[in-house]
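Reader: I am in my first year and would like a close look at a single part of this structure, taken slowly and with each step of reasoning spelled out. Could you choose one place, explain what surrounds it, and then lead me outward from there?

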Amino acid sequence: MTNVQVPNRRDGRRTSMFKRQAERDEELAKRQREAEKKAREAAEKKRKEAKKKAREANRRKSTPSPSATATATPSATASASATPVPTPTVTASPTPTVTASPTPTVTASPTPTVTASPTPTPTPVPPVNDDGTPSHRFRSQADFSSDQMDVDNPVTEFLQTPQTAVVLKFFSRDLEFDDGNKFEIWSFESENSGRSLPGPTLRPKEGEIFHATFTPSKGAHTIHWHGMEPDPRNDGVGHTSFEIGETYTYQWQAELGRPGDPNYGAAGTYFYHCHVNTVLHAQMGMFGALVVDPTVHPDYPVSPGARRAFVDGPEYDIATECILVPYSVDARWHEMDHAAGLSGEDVGLNRFEPKHFYLLGGNLADPGDTDDRVWSLSTIQANVVPGERKPTLLRILNANYLPNRMYFTDAEGNPAQIAEIIAHDGRPFRDTSVPGVPSPPCSAAGYPLLTSLLSFGAAERYDVMLTPPSAGRYELRVEWEDWITGEILAKRTVPIIAT
Amino acid sequence: MTDIQETAKTSVGNVAKPTDLMATAGQLGRWDFLRYGAAASVGAAALLYGQSSKPAQARVVASSQPLAVTPLPGVLDLYINDGYLKMVDASLVYHRGFGDRPTDVNDANPSLAIVPKVFTADGRLVESRSYPLDAVLPPEGTPLPYGPDPANPGQYFIRRNYWASYFPQRTIIAEVGSRIRLRVHNRLSKPHEFTLHGAGPNRGNVSTGIIDPAGSKLLELDAPAPGTYIYSDPTNQPVERVLGLFGVLLVIHPDHQWAIGEDLASFERQWLWICHNVDSVWAGIEASGGTVDPRKTKAVPRYFTLNGRSGYESLGITTNDALNLATEEETLISGYPRQVDVRQFGEGTELGTLRGGQLVRLVNPGIVFHQMHFHGNHLWTVGRNNYPWPRREGFVDPEGHVVVQQWEDVVELEPMDRKDCILPIKRPPDAVNAVWAARTTDWGYPMHCHAEPSQTAAGGMYPGGMVAHWTLKAPIIGTGP
């Protein structure tokens, strides 16, 4: 497939050359879809039969699947699998919100263009599910959960030449954590990453075509590129596209950033994870960090040894860039099977009760030898600001299911306002108060988001510039909180060594 | 709250014949006895209390509980009922709720949530699943576009101030300028209360106070400032709320029906997403007449709902067409792609068009910390708990949260929190150009909570929990480039 370049999407006129190319591509895609549909139907039929047998066996063995029909007569006792734990807990109370002084939104007065009468309301065409999007209906939740569509070799539509490509495989093995505990971990490995937790850090650039060819094993899996926003086939979610039986090449193109424009740009911190029985598979370790770097813009050159966090973002020191990934383990879950719970059996996946808490990650430029072991964060090296070197960028990714709080302190434990929050979920914080003019990053607009405390929950990412004013030891204390009561479940502290 | 005596005067007129007094009393409940004065009501009150005198293990008051009260103009009657609701795995779990009509615990279709109601600024109380009342209903919940956007192939101009929005059960809408009048009837054997959180002066709570078994109380207030408010029973916090005694009050300015408020973000249509969770152990304790001590019996939610539905029911893929349609209209966001500039959600460059997305009001009356993750598009969060976030001079608050309008793909939603987010419904930014250009079908993207245990039902069945999706509608034939 050729690498088709489409004119800027704001340009309404596409060339005839592109049209012809697009028609050819579309025709090819149609043929691919038809072939794929046949393969999928055959695979689905085969798999349904296998699952039916498994369900029947399961019913005979232990827990019955819930009946599809409800009886109108209520039973006096509610079913419950969870044994109440008589541990006194504090009831969660809503956290008081600090009042943000509401700044009136500046409204530009757009001059409406006088136009001819509006286009008649178009009649939408019923969606035709010719691309593998399931149009199924289900008789019960158990049917739906156990009937996700997997396809052996789905086709990548409009396959293009990638600038970044990676081949990923599934692995499963016992890995040792920094407290000496070993747990069965499922994760991803690339050709040269070794087997570690998290999976290999992937690092494409804005504007580039990215490919990840994934060959799962031990059942069907997917890769969801959390925070990246491609078409559904490349979004990696079973119930909106397909699960991969044998192999698939994911393809997407991280959106190019534009200086001062809050509407464009993908540079930032993300992660990828399996989206099959996600509650279990992500906890088992099927995730890794994904960092999208900006393409250098001529108005924002980059100093030697430095990189920008986003197109017009601040420069940071490549050598000390670091990632921190809070994670926790409920050992009970690490004994489960790939499809635990999907057929309707109660396996207690509503109860995440971790007793082991970890800070994964480390220096991104030099992660060291992580093969066959967990990549654990023991120290953060940070540059003094101001100094000869650019500041240190700390990327944060919450890879567990609990809220976290992070306290930046000095060596004595006093709050130290050395964290400037510059981005969240892959998007910079910008001043967007004036329509129609560039929106600078908050720091450039005169109000850096400085703090000694950062609170966030599952799957969120934050990019933090560390700004220690003098050399010495600082600390980062991470607390895990109960997802209902808010009580502190664990604390861990890593030193920040400023030089 | 109004003086009950004063309110009683209105109803006295409805009770024309003294001989009807007892019969009427039987219908009106304790609230009406109070308005006749203590002396006059002794006999009747004794009768009712006699009826409600049940053993400690009783779930409800006597079966001879009053039927529906005589409606009062402009007054919304809420009945505190109990009953069993079918969960997504078809098991039945005991619930309580504020319902539209009195029902008993064994009712096969208990009234545990109200059909949406609207208090209008001109003094009417209207039952309506949609708002604005005279706006055009979007087919299957999807607003159709104004027309193609010639400068952006595959994208559309969006109609401004045109489409109605559907709302889920438990919604009360009040227009600014309206008078909210609620009459709450406790049909159960324990005391209950109705509280509007943050809707009073200085954002304080407004409450009926304790409503004794078989009693009724009237709560009356002027509609507070535009925003989203939770109502609940705060008794034995948070147990009664978890059992189902909760809902949402939405206040909208009648002159700004397609905006969060004056000078705040405009939208094409809005969606109200009410998150909740069900603890069947707690339900079992209460169903058998006990009282949950949340400090001793730790909450372990077993089901997780969005607008009252879970899993495949919340995704609208059941074999029940009516259920699927209601889900499409109330929960499953959908729209046509458009160009959006987050610096200004307002009038578009074409007359009658909007440069903006759709508003999602995320509300969490439940007890778990949710992490609402949208695939396909980031959301632009514009405010929390009715405080609009600034676009300039942002800061990190003492709790460690950044306070400035921002993009997010995961929105934190703590218990009792409310967040206002704009889903832009734009071209997924990282789709390859050729794939986008060849698109002929709807593109569906999941929304789920990333505190992943909330994606389960009955301990498994992923994705059977608090899940939804949104749809970027397919190109309309004949409007292509």
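**A loop beside a sheet edge**

Author: Pro386(A) has its place in the loop between E17 and strand E18 (392–397) of chain A. The model is a predicted one, and what follows describes that model. Pro386(A) is exposed, because its relative accessible area is 76% and the term asks for over 50%. Along the chain, Pro386(A) and Pro468(A) are 82 residues apart, yet in space their C-alpha atoms are separated by 8.6 Å.

From the loop we can step back to strand E17, which belongs to an open sheet of five strands in chain A, with mixed pairing and the order E17-E26-E25-E19-E23. Strand E17 (380–382) and strand E23 (453–456) of chain A each have a single partner strand and stand at the edges, so one side of each is left without a neighbour in the sheet. From one strand to the next, the twist averages 20°. The partner of E17(A) is strand E26 (residues 488–498) of chain A, and the two pair in the parallel sense over three bridges. Within this pairing, Ala382(A) stands opposite Ala498(A) in E26(A).

For a wider view, we can turn to the aromatic rings, which are described in a slightly different way. A pair of aromatic rings is described by the distance of the centres and the angle of the planes. Over all chains the structure holds 31 aromatic pairs. In one of them, the rings of Tyr445(B) and Trp470(B) have centres 5.5 Å apart and planes at 25°, so this pair is stacked, since planes under 30 degrees apart count as stacked. Tyr445(B) lies in strand E30 (residues 443–449) of chain B and Trp470(B) in strand E31 (residues 467–472) of chain B, so the pair ties together parts that are 25 residues apart in sequence. Both Tyr445(B) and Trp470(B) are buried, whereas Pro386(A), where we began, is exposed.

Back in chain A, one aromatic cluster includes Phe188(A), Trp225(A), Tyr250(A) and Tyr272(A) among its members. Rings also meet charges in chain B, where the charged end of Arg159(B) sits over the ring of Tyr162(B), 4.5 Å from its centre, and the charged end of Arg269(B) sits over the ring of Trp271(B), 3.3 Å from its centre.

Notes:
Residues are numbered from 1 along each chain as its sequence is written. Chains are lettered from A and ligands numbered from 1 in the order in which they are written. This is a predicted model: local features need pLDDT of at least 70, side-chain atom pairs count only at pLDDT 80 or more; totals for chains, interfaces and linings use all residues. Side-chain values use heavy atoms; hydrogens and water are left out. Rings of Phe, Tyr and Trp (its six-membered ring) pair if their centres lie within 6.5 Å; planes under 30 degrees apart count as stacked, over 60 as edge-to-face and the rest as tilted. Helices (H or I, at least four residues) and strands (E, at least two) are DSSP runs, numbered from the N terminus. Buried means under 20% relative accessible area, exposed over 50%, partly exposed in between (1.4 Å probe, protein chains only). A charge sits over a ring if NZ of Lys or CZ of Arg is within 6 Å of the ring centre and within 35 degrees of the ring normal. Two strands pair if DSSP finds at least two bridges between them. Axes are lines fitted to C-alpha atoms, for helices over the stretch in contact, and angles run from 0 to 180 degrees between N-to-C directions.
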